[in-house]
Amino acid sequence: ILVGCSYSGTMVTWFLQKYPHLAQGAWSMSAPLKAKVDFVEYLETVSKAIHDIGGTTCSSKIRNAFVQMEDLWKNKNLTEIKRIFRLCQPLNDTNTLDVWNLFGDMGSAWSGIVQYASRYGQEIENGCTSLLAIQANSDIEAYAEWVFSRWRLEGCYEHRWEAFLYWYGGIEWDSYAAE
């Protein structure tokens with residue numbers, strides 16, 4: 001019997017379609033069944049939730065931070081990106097997986113809050129309150145500080161794709177990937 005929720009629920013459904021002879025039953029909850037490579041609607045929903053619940057000031061600060069991050073990337077100001085995000089290694093602008101991982105991680109800090117807000121109550125409001133309380137020279141610096149505070153990051157941030165694979169490749173019961 002296959003069980004899955006969210007993306008794992010999608011895998012349950014697809015598995016059952018492809019290999020019906022290997023499963024006696026399946027339960028899939030909240031599964032996005034239409035696969036889409038560039039699923040921008042998800043982050044549009046995240047942005048709307050932050051705007052509607054956290055307010056215009058909070059959503060504008062987040063949006064500005066990402067515009068500033070994109071501008072730094074477009075201008076190849078990799079030294080500034082390394083400084084702001086406290087990268088352990090310089091950003092390799094020829095490794096698109098590393099770049100995608102950095103941008104994705106920075107976005108997932110909020111998408112997780114929005115997706116799982118009902119678990120923790122006032123999470124969007126609390127996130128916005130703490131983000132807006134940070135005094136920094138720019139929105140991107142405030143955003144980076146907020147992310148690192150939320151992640152309780154000490155030292156540098158490992159942004160490389162290889163580190164991502166290692167992190168989520170944990171097979172021990174006490175590894176983060178097993179939670």
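Leaving aside its neighbours within four places in sequence, with which residues is D105 in contact? In the predicted model, D105 is found in helix α5, which spans residues 96–115. Beyond the four places on either side in sequence, the contacts of D105 are with W151 and Y157. D105 is buried, yet this residue has no salt bridge. The nearest side chain of opposite charge is that of R160, at a distance of 11 Å. Because a salt bridge requires a side-chain nitrogen of Lys or Arg within 4 Å of a carboxyl oxygen, the separation of 11 Å leaves D105 and R160 unpaired.

Side chains of opposite charge can pair when their charged atoms come close. The count of salt bridges in the model comes to 7. One of these joins the side chains of D52 and K48, with an N to O distance of 2.5 Å. Both residues belong to helix α2 and stand 4 residues apart, about one turn of the helix. K48 counts as exposed, with a relative accessibility of 51%.

A further salt bridge is formed by E80 and R83, whose closest N and O atoms are 2.6 Å apart. Here too the partners lie within one helix: E80 and R83 are both in α4 (residues 78–84), at a spacing of 3 residues, or about one turn. E80 is partly exposed, its relative accessible area being 25%, and R83 is likewise partly exposed, at 45%. These two residues are also linked with E141 in a network of salt bridges.

The side chains of E145 and R86 meet in a salt bridge as well, at 2.9 Å from N to O. E145 lies in helix α8 (residues 139–151) and R86 in the loop between α4 and α5, so this pair ties together parts that are 59 residues apart in sequence. The relative accessibility of E145 is 36%, and this residue therefore counts as partly exposed. R86 is also partly exposed, with a relative accessible area of 27%.

Helix α2, which carries D52 and K48, also packs in contact with another helix. The axes of α2 (residues 40–54) and α7 (residues 123–132) come within 9 Å and cross at roughly 80°. The crossing angle makes α2 roughly perpendicular to α7. On the α2 side the contact is made by A49, I50, I53 and G54, and on the α7 side by I124, E125 and C128. By residue class, the contact of α2 with α7 comprises 5 nonpolar, 1 polar and 1 charged residue.

Key
Residues numbered from 1 in each chain as written. Predicted model: local features only at pLDDT ≥ 70, side-chain atom pairs only at ≥ 80, totals over all residues. Heavy atoms only, no water. Axes fitted to C-alpha atoms, helices over the stretch in contact; angles between N-to-C directions. Helix = DSSP H or I, 4+ residues; strand = E, 2+ residues; numbered from the N terminus. Parallel < 35°, antiparallel > 145°, perpendicular 65-115°, else oblique. Contact = heavy atoms within 4.5 Å. Nonpolar A, V, L, I, M, F, W, Y, C, P; charged D, E, K, R; others polar. Buried < 20%, exposed > 50% of the residue type's maximum accessible area, 1.4 Å probe, protein only. Lys, Arg positive; Asp, Glu negative; His and termini not counted.
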